[in-house]
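I sat down with this structure for the first time and kept a notebook as I went. Here are my entries, in the order I looked things up.

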Amino acid sequence: MAETMTSRERVLRVFRREETDRPACFSGMGNVTTEGLSKLGYQFAKVHQDARMMAETAASTPKLFGYDCCILPFDLAVEAEALGAVMNTYPDSADILYPTIKEKVIHSPEEMETLHVPADLVERGRVPLMREAIGLARKELGETVPVGSYVLGPFTLAGQIMELNDLLKLSFKKPDKVSKLLEDLTCVIVAVAREYEKAGVDYLCVREMGATSDVLSPRAFKSLILPHLKNIFKALSVPSVIHICGKTNDIVPFMVESGATAISVDQKNDIVETRKKLGPEAIIFGNFDPYNVLVAGTPEQVRETIRKCLDSGVSAVWPGCDIWPTVPPDNFNAMMDEVRKYRR
Amino acid sequence: MASEERQKEILEKLKQAVIQYDEDQAKEAAQEALELEGLKANDAIFNGLVVGMQEVGRLFEAQEYFVPELLMCADALYAGLEILKPHVEELDLGVKGSVVIGTVEGDVHDIGKNIVKMMFDVAGFTVYDLGRDVPLDKFVEEQLRTDSDLLCLSAMMTTTMTGMQKVIDDIRKKNPKVKIMIGGAPVSKDVAQKYGADGYAADATNALADAIKMIGSLKDLKDEAEGKKK
C-alpha cells in the first residue's frame with residue numbers, strides 16, 4: 001500500500017483517534033542507533049551535551065529507517081541535572097552506556113523536606129540545550145516527521161535524585177512525606193515540559209517506570225502516584241503519553257485516569273485483556289521487546305512480533321523502552337516493512 | 001519442657017518480626033534467643049529469621065507484598081542477624097566461602113543485588129560488596145585479589161547486561177575455577193549460557209524471589225548436615 005501521509009500527519013491523527021493510511025510505528029522514548037551514530041561519526045557519550053549533535057543523531061533514525069518520529073534527548077537525567085544532580089556520560093567507555101546520575105541531590109530522608117527548586121530552573125543544566133536541540137530537529141525535519149520528547153514521572157524522578165531504597169521504604173512508611181516531595185517534583189516536571197512545548201514538540205511522553213507493579217502495589221500507585229500524574233497531564237497542552245514498563249495490567253485504568261492522551265506499556269502487558277478492559281476509545285501504544293526481539297531476534301521474529309502487537313489491538317506499534325542502539329538495520333527495516341504491509 | 005516451649009516462642013517471634021518488618025522486635029527476639037540456654041544462634045537464624053523471609057518471599061510472589069515491604073523485611077532480618085552472627089558456630093554447609101558481588105558499570109540499580117547479598121550474609125559467606133556502577137575491570141581485579149569462590153554480577157537494565165560478558169570472558173582466562181552467577185531483570189537462561197555463566201536469576205521479580213528461595217535451600221542443607229551428625 002502506498003503511503004499517503006507523512007509521519008507527522010499519521011502520528012498526530014493517531015492522537016486524535018482518526019484513520020491513518022497504515023499503522024503508525026513510533027515512540028516517546030529514545031531511538032538512537034549505532035547505525036545513525038556511525039554515519040554521523042559521533043560517539044554516543046558526546047551527543048548528550050551538544051544541541052546540534054543531539055538533534056542530528058535523533059533525526060537520523062527517521063531518516064535512515066522511515067521511523068515515524070524523532071525523539072530527544074536519549075538519557076533520563078535532564079530534570080535531575082536542573083535540580084543540581086551530576087550526570088555521568090561514561091566518556092571513557094568503549095561500550096554504549098546510557099548516562100546515569102553519579103551525584104544525587106537529596107542525601108538523607110530529612111533533606112526531602114528542604115529540596116531547593118531553583119527559581120531559574122529552566123535556565124539550568126541542559127534545559128536550554130534541550131530547547132535548542134528541539135528547535136534544530138524541527139528545522140531539520142520540517143513538517144514531515146513529528147518531534148517528540150519525554151520527561152520523567154515524579155516518582156521516577158525522585159528515584160533519580162535520592163536513594164531509591166529510602167524512597168521505596170518511605171513510600172510505605174511515610175507516604176505523606178513522599179507525596180510532598182512528588183508535589184514539588186511535579187512543578188519541576190511541568191516547568192521543563194512547558195519549555196519543550198514552547199520549543200515546538202508535537203507530543204510528550206511521561207515516563208513513570210519507577211511505579212511499575214513489579215515494584216509498587218497498584219494500591220500505592222493509585223493513592224500516591226496518580227494524583228500527581230493528574231496534575232502533570234492537566235498542565236500539558238500537546239498530546240501526551242504515560243509510559244510504564246513491567247507489570248501494568250492492574251494499573252492501566254489508572255493510567256487512563258491520569259489524563260494522558262495515550263498509554264504506553266511494554267511486552268509484559270496482556271494487550272488483549274487491556275483493550276477489553278479499556279474499550280475501543282483508549283489509545284494504547286505498545287508493546288514489543290526492544291532488546292530480545294528488535295536487537296537479538298531475526299527479521300522474521302520481528303515481523304511476527306509486530307503482527308502480534310497489531311492483532312492484539314494496539315493503536316500504534318511502539319517499543320517497550322528505548323530502542324537499544326545496536327539494533328541491526330535488517331531488523332529495523334523488517335519492522336517498518338511489516339507495518340506498511342499490515343492488514344487488519 | 002518449658003525451655004522447649006520458650007524456644008518455639010522465640011523462633012516464632014523472630015519469624016514474625018521479619019514478616020511484620022519490625023526491626024525492634026527482631027532485635028529483642030535475637031537478644032532473647034542468646035539468653036536462652038539451648039537455643040543456638042544458628043538455629044535462631046535459620047529456624048526463625050530465615051523461615052520468616054521464606055514467608056515474605058511467598059507473600060511477594062503472591063503480590064501481597066511489593067518491593068517496599070520486601071526491603072523493610074530485609075532490614076528486620078539484618079537487625080536480628082547482626083546480634084546473632086557473632087555467636088554463630090562454624091557450620092559445614094558445603095557452601096561456605098567468599099563472594100565478590102556488584103552491579104555492572106552503567107547500572108545504578110542495586111536492590112536485587114542487595115537481596116542476593118543478604119542470602120550470602122545469612123549463609124556466613126565473606127562478602128566483598130563492590131556496590132553499584134562498578135567498572136568491569138574492578139570485578140576481575142577484586143576476584144583475583146580476594147580469590148573468592150564466587151563472582152556475582154548484576155544488571156537491572158538490558159543496556160548494561162552486555163558488559164557482563166566481558167567480565168566473564170576476562171576472568172575465565174585468568175581464573176577458570178571461579179563460579180560465576182549473573183542476575184537481573186534482562187537475564188535469561190539463554191543469556192547465562194551464551195555468556196558462559198554458571199548460574200543465573202532472571203527478571204526483577206524472580207531474581208528477588210529466587211534469592212529468597214536460595215536462602216531456603218541453605219536451610220535444607222543445614223538440616224541435612226545436622227541430620228547426618230546425629
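What follows goes from one chain, to the contact between two chains, to single residues and charged pairs.

**Entry 1: chain B as a whole**

Note to self before anything else: this is a predicted model. I began by listing the secondary structure of chain B, which has nine helices and five strands. I then read off their order from the N terminus: α-α-α-α-β-α-β-α-β-α-β-α-β-α. So much for the outline; next I wanted to see how the chain is packed.

How much of chain B is buried? I found that 53% of its 230 residues are buried. I also looked at contacts in chain B between residues at least 6 apart in sequence, and 73% of these join residues at least 24 apart. For the surface, I noted that chain B exposes about 10,300 Å². Carbon and sulfur atoms supply 48% of that exposed area.

**Entry 2: where chain B meets chain A**

I turned to the contact between the two chains. Chain B puts in 29 residues and chain A puts in 28 residues. The area buried between them is about 2,300 Å², and carbon and sulfur atoms give 59% of it. Which three residues of chain B supply more of its buried area than any other three? I wrote down Phe66(B), Pro68(B) and Thr159(B), which supply 21% of what chain B buries against chain A.

I checked the charged pairs here too, and the rule finds two salt bridges across this interface. One of them I looked up by name: Asp75(B) pairs with Lys169(A), and their closest N and O atoms are 2.5 Å apart. I also counted polar contacts across the interface, and there are five residue pairs.

Which helices of chain B each bring at least two residues to this side? My list reads α4 (67–84), α5 (111–122) and α7 (158–174). Sorted by class, the side of chain B that touches chain A has 11 nonpolar, nine polar and nine charged residues.

**Entry 3: one threonine in chain A**

Next I picked Thr212(A), which sits in the loop between β5 (203–207) and α9 (218–235) of chain A. Is Thr212(A) buried or exposed? Its relative accessible area is 6%, so Thr212(A) is buried. I looked up what Thr212(A) touches, leaving out residues up to four places away in sequence, and got Ile244(A), Cys245(A), Gly246(A) and Lys247(A).

**Entry 4: salt bridges**

Over all chains the count comes to 47 salt bridges. I followed a few of them.

Arg22(A) with Glu3(A): the closest N and O atoms are 2.8 Å apart. This pair links distant parts of the chain, with the two positions 19 residues apart in numbering: Arg22(A) is in the loop between α1 (7–15) and α2 (34–40), and Glu3(A) is in the segment before α1. The partners sit in unlike surroundings: Arg22(A) is buried at 3% relative accessibility, whereas Glu3(A) is partly exposed at 38%. I also saw that both belong to a network of salt bridges that links Glu3(A), Arg10(A), Asp21(A), Arg22(A), Asp68(A) and Arg340(A).

Arg52(A) with Glu56(A): this salt bridge spans 4.0 Å from N to O. Why can I call them about one helical turn apart? Because they are four residues apart in helix α3 (residues 51–65) of chain A. Arg52(A) is partly exposed at 47% relative accessibility, while Glu56(A) is buried at 17%.

Asp170(B) with Lys174(B): here the distance is 3.3 Å, N to O. Both lie in helix α7 of chain B, four residues apart, about one turn of the helix. Asp170(B) is partly exposed at 22% relative accessibility, and Lys174(B) is partly exposed at 48%.

**Entry 5: an asparagine in chain B**

Last, I looked at Asn42(B), which lies in helix α3 (residues 41–61) of chain B. Its relative accessibility is 5%, so I filed Asn42(B) as buried. How far is the C-alpha atom of Asn42(B) from that of Glu64(B)? I got 29 Å, for two residues that are 22 apart along the chain.

Conventions
Residues numbered from 1 in each chain as written. Chains lettered and ligands numbered in written order. Predicted model: local features only at pLDDT ≥ 70, side-chain atom pairs only at ≥ 80, totals over all residues. Heavy atoms only, no water. Buried < 20%, exposed > 50% of the residue type's maximum accessible area, 1.4 Å probe, protein only. Contact = heavy atoms within 4.5 Å. Areas by Shrake-Rupley, 256 points an atom, 1.4 Å probe, with all protein chains shown as cover. Buried area = accessible area lost by both parts, 1.4 Å probe. Salt bridge = Lys/Arg side-chain N within 4 Å of Asp/Glu carboxyl O. Polar contact = N/O pair within 3.5 Å; in protein donor to acceptor, adjacent residues only side chain to side chain. Nonpolar A, V, L, I, M, F, W, Y, C, P; charged D, E, K, R; others polar.
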